[in-house]
Amino acid sequence: MNGDVYSMNSDDKSLEFAEIDISEAQEQSGSLQGMTIPERKDIPRPAQGGSLSGQQLTREQRFVKQAREWAQREGEPSLYMPFMSYWPTYDQMDKEQLSWYFFWRSEVRQGRYPFTDLSYIFVYLYELIHGVGWEEPKQGYTLLMDLWDAYQSMYPKLNNYIAEWVCDFVLLHKLNLPLMDIVMRSSTARSGELFDLELQRLLANDPGKLRVEHILAFSDYDLQRSKFYVRGGRALLEEYVPKVVALVDSYLRKTTDKNLVDTFYKGKGKTIERYLFRSAVYDAELYGRTLPLRIFQLRRCPPLRYYITQLIRCTENKLRELQHYRGRLRGISLMPETQMLIERFLEKEYTAGQKPAGPVISIDPERLATLQKDSEEVRSMLTVEDGQAVEVEEIEQAWMEPSTDCVQEMELETEEVSAQPEQVNEQDDLSYTDSSQKIVWDTSSLDEDWLLFAVQLELAHLEVLYTLKESSGHINEVADKYGMMPALLLDEINELAMETIGDLVVDGESIAEDYIDYFARLRRNG
């Protein structure tokens, strides 16, 4: 393009514009933070071993020609030589740098990744992009990913470049490989058309593989700022939100023969031209400059965003309930059958996940030996001096078989204990009364769970609850009266509540706001 001159005439005045190659100027004047740019040579010279007619080729073409000539070159052990350059190629390397590069490349091809400069890594990436160093595209993809994994912690900036190039490589060679994990490793790719492409593919074909961070791209509700998410619900939401979206998608397929995308997205998408291997030294004559892609911008579909937002909020509400978390989200709008489907699914899944594992029983051989020794000593002590021994079996039988009087007394106590709940359940106007303390709780309007909770409360618990209800602030006096610590009494009340009604009734040193009305009929008699 150098040397071309354009002229424009206006009122007999001539303006001339000369077009220059700005890429050459950038290499001369550009700067890299923390990097020293080697002085650019006026006439590019091929490194030793190459024979090129460089003046007739572009920089990209020169690079590809050299790369193919040196594709099989093996590097001898060499000293590391620093190398830093914009759009690095072989032309920017001197003899010592070339020697190190080919030694380093030989190591990489053997699966070893010694320290090297970022510019050397880019040169190797350019080779792989142009098909140098591999025979099958899948092999080239593996080499790209292995290099990325080896050096990404050392050079985090690699992520934004190589993620885009790997995706281009996969799309160009039509490799049947998912791109979402690659896209998510780059902040640039996450905001572009590749993310839209993968969201559409997963949501339409495999919604079970969506993760929370993918689903939130469709949501108008910022789940990660939810109090429930921040205060311990994160793991549950990250596990169950994707499952619920997959569940509802499956439900729609079975009932309407449409998935989530078909149900809510009515657009036809748009075709874009994606520039290939942007910012790389890339010869466009190999695969072309751009690649056409059909993009469905699902993230910008209001009906789909609204629906998925409702699914997320419904899921969080049910998990709050199952976790006995105070407070619920309002304004959830779903069809009753869909909401019931989600709630029943979560109840089943959550309950299955909460089943405690069976006890692990381990036997300590030393402890077992000690017990056996103690048993022998007890047996010897039971032997009388004259040689007559008392049979151990008889002693055990006598110990385990109580007398008739004892049995009758135990049965009587059992009958009295078991009779108490029956007496409570038979009353029409149910009340829980202690005549000596004069604390009365009329529980006639409470359901079965609350009735069970009330029955198990002791006198100290009732008096504490009454004190909290009246806000008299004399919990310490009640605790002193019964010789207990205030915190212990409150913990016991909450423990009984969790076992019966499934929630905490005391919050701090006050009755939880949601349950104040339940204690309205708890009063001091007289």
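Helices (H or I, at least four residues) and strands (E, at least two) are DSSP runs, numbered from the N terminus. By that rule, the protein has 22 helices and nine strands. You are working with a predicted model, in which local features need pLDDT of at least 70, side-chain atom pairs count only at pLDDT 80 or more, and totals for chains, interfaces and linings use all residues. Residues are numbered from 1 along each chain as its sequence is written, and side-chain values use heavy atoms, with hydrogens and water left out.

**Exercise 1. Describe how helices α4 and α5 pack.**

Step 1: Find α4 at residues 118-129 and α5 at residues 137-151. Their axes come within 10 Å and cross at roughly 165 degrees. Axes here are lines fitted to C-alpha atoms, for helices over the stretch in contact, and angles run from 0 to 180 degrees between N-to-C directions.

Step 2: Classify the angle. Under 35 degrees counts as roughly parallel, over 145 as roughly antiparallel, 65 to 115 as roughly perpendicular and the rest as oblique. The helices α4 and α5 are therefore roughly antiparallel to each other.

Step 3: Give the handedness. A crossing is left-handed if the near helix is turned anticlockwise from the far one by less than a right angle, and right-handed if clockwise. For α4 and α5 the crossing is left-handed.

Step 4: List the partners. Ile121, Tyr124, Leu125 and Leu128 of α4 make the contact with Leu143, Leu144, Leu147 and Tyr151 of α5. Contact means heavy atoms within 4.5 Å.

Step 5: Sort these residues by type. Ala, Val, Leu, Ile, Met, Phe, Trp, Tyr, Cys and Pro count as nonpolar, Asp, Glu, Lys and Arg as charged, and the others, Gly among them, as polar. The contact of α4 with α5 has eight nonpolar, no polar and no charged residues.

**Exercise 2. Now do the same for α11 and α14.**

Step 1: Helix α11 covers residues 227-256 and α14 covers residues 302-322. They pack at about 125 degrees, with axes 9 Å apart.

Step 2: The pair α11 and α14 is therefore oblique, and α11 passes α14 in a right-handed crossing.

Step 3: On the α11 side, the contact includes Phe228, Leu236 and Tyr240. On the α14 side, Tyr307, Glu316 and Arg320 are among the residues met. The contact of α11 with α14 divides into eleven nonpolar, one polar and two charged residues.

**Exercise 3. Place Thr338, Lys318 and Ser279 in their surroundings.**

Step 1: Learn the scale. Buried means under 20% relative accessible area, exposed over 50%, partly exposed in between (1.4 Å probe, protein chains only). Across the protein, buried residues make up 39% of the 526 residues.

Step 2: Thr338 lies in helix α15 (residues 336-354). At 6% relative accessibility, Thr338 is buried. Setting aside residues up to four places away in sequence, Thr338 touches Val248, Tyr251, Tyr307 and Leu311.

Step 3: Lys318 sits in helix α14 and is buried, at 4% relative accessible area. With the neighbours up to four places away in sequence left out, Lys318 touches Glu343, Leu346 and Glu347.

Step 4: Ser279 belongs to the loop between β3 (270-275) and α13 (284-287). With a relative accessible area of 42%, Ser279 is partly exposed. Beyond residues up to four places away in sequence, Ser279 touches Trp87, Tyr126, Tyr161 and Trp165. Ser279 and Trp87 are 192 residues apart in sequence and 8.1 Å apart in space, C-alpha to C-alpha.
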